[in-house]
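Trainee: Could you take me through one part of this model in detail? I'd like to follow a single strand and its surroundings, then see what else ties in.

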Amino acid sequence: TGGDLRSSRIYELCFTRSGVGIASGGGVFGNLTLLSRDAGATWHDITATVQGGIACSGDMGLWAVGDGIRHSTDGGRTWVDLTDRLPATVDPSEIGVPPSFVDARTGWLVAQLRSGARAVLQTTDEGETWSELAELSFTSETRLGSRLDFATSRFGIANGQRTDDTGSRFAAAALTRAGGATGKATAFADEVLMVRDLALVP
């Protein structure tokens with residue numbers, strides 16, 4: 001890059017199958033987004049173009065979320081705003097966590113609804129349309145969090161929060177084997193109060 005990144009921090013990083021990489025973090029002057037087209041050998045600052053949470057899909061697909069959702073199909077050379085493709089029930093200003101994709105076309109996104117609830121959205125056409133799956137409290141005691149990861153088109157996991165009979169809250173996760181349409185809560189030890197991120201291995 002042309003700038004001094006020694007005071008910067010990278011929070012998220014991913015690569016496409018063709019070696020295009022995108023990284024998101026923070027620098028001296030605020031948000032930072034970097035792009036690599038040579039498998040990480042060199043990086044270029046694209047913060048002026050996109051900011052926020054990032055994700056990769058397929059050979060050349062890149063995603064950026066934060067006050068909406070943007071998508072690139074050509075390795076970050078051009079970007080398209082897909083916010084208006086989201087269901088009307090979604091509050092786009094509350095989308096800050098990137099989607100999880102298993103291929104170029106199929107992915108999931110945790111969205112904050114205008115009602116205040118959270119739901120999982122699914123796309124099977126590279127973000128052109130998004131379907132709102134059942135509003136997910138996987139059980140009456142466990143509320144969907146903001147992070148999710150899918151290993152296959154059906155097998156995924158999401159973080160959450162479990163409330164016990166006394167009102168105390170603990171970390172939880174929800175597993176789905178139905179593409180997010182239904183799920184089953186699983187609890188951590190009571191000493192675990194929060195899980196910030198999680199991932200599945202295919």
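Mentor: Sure, let's start with a pair of strands. In this predicted model, strand 1 and strand 2 (residues 21-27) are paired antiparallel, with 6 bridges between them. Two of the facing residues are easy to find: Arg9 has Gly26 of strand 2 as its bridge partner, and Ile10 stands opposite Gly25 in strand 2. The two strands make a hairpin with 5 residues between them, and in the turn Gly19 has a positive phi of about 95°.

Now go on from strand 2 to its other partner. Strand 2 is joined to strand 3 (residues 30-36) by 7 bridges, again running antiparallel. Here the hairpin connection runs through 2 residues. Gly26 turns up again in this pairing, standing opposite Asn31 in strand 3. As for burial, 6 of the 7 residues of strand 2 are buried, so the rest of the structure largely encloses this strand.

Zoom out a little and you get an open sheet of 4 strands in the order 1-2-3-4, with antiparallel pairing. Strand 1 and strand 4 (44-45) are at its edges with a single partner strand each, so each has one side without a neighbour in the sheet.

Strand 1 also has something to show on the surface. Ile10, Leu13 and Phe15 make a nonpolar surface patch of about 280 Å². Phe15 belongs to strand 1 (residues 9-15), and it counts as partly exposed because its relative accessibility is 36%, between the 20% and 50% cut-offs.

The pocket is where strand 1 meets other parts of the chain. The largest pocket holds about 670 Å³ of space. It is lined by 31 residues, and those closest to its centre are Glu12, Ile54, Ala55, Pro98 and Pro99. If you'd rather think in elements, strand 1, strand 2, strand 5 (53-57), strand 9 (100-101) and strand 13 (142-150) each give at least two residues to that lining.

Take strand 5 from that list. It belongs to another open sheet of 4 strands, ordered 5-6-7-8 and paired antiparallel. Strand 5 and strand 8 (80-81) are the edge strands there, each with a single partner strand, so one side of each has no neighbour in the sheet. The partner of strand 5 to look at is strand 6 (residues 61-65), antiparallel to it over 5 bridges, with Gly53 opposite Val65.

Strand 9, also from that list, leads you to strand 10. These two pair antiparallel over 2 bridges and form a hairpin with 5 residues between them; Phe101 has Gly107 in strand 10 as its bridge partner. Strand 10 (residues 107-112) has 6 of its 6 residues buried, so it is largely enclosed by the rest of the structure. Gly107, Leu109 and Ala111 point one way, while Trp108, Val110 and Gln112 point the other, and all are buried.

To finish, strand 10 is joined to strand 11 (residues 118-123) by 6 bridges, with the two running antiparallel. Leu109 has Leu121 of strand 11 as its bridge partner. The hairpin of strand 10 and strand 11 has 5 residues between the strands, and Gly116 takes a positive phi near 100° there.

Conventions:
Residues numbered from 1 in each chain as written. Predicted model: local features only at pLDDT ≥ 70, side-chain atom pairs only at ≥ 80, totals over all residues. Heavy atoms only, no water. Patch = residues over 30% accessible without salt bridge, like charges linked within 9 Å, V, L, I, M, F, W, Y side chains within 5 Å. Areas by Shrake-Rupley, 256 points an atom, 1.4 Å probe, with all protein chains shown as cover. Salt bridge = Lys/Arg side-chain N within 4 Å of Asp/Glu carboxyl O. Buried < 20%, exposed > 50% of the residue type's maximum accessible area, 1.4 Å probe, protein only. Pairing = 2+ DSSP bridges. 1 Å grid on protein atoms, 1.4 Å probe; cavity = no way out; pocket = protein on both sides within 12 Å on 5 of 7 lines; lining within 4 Å. Points joined across faces, edges and corners; volume = space filled by probe spheres on them.
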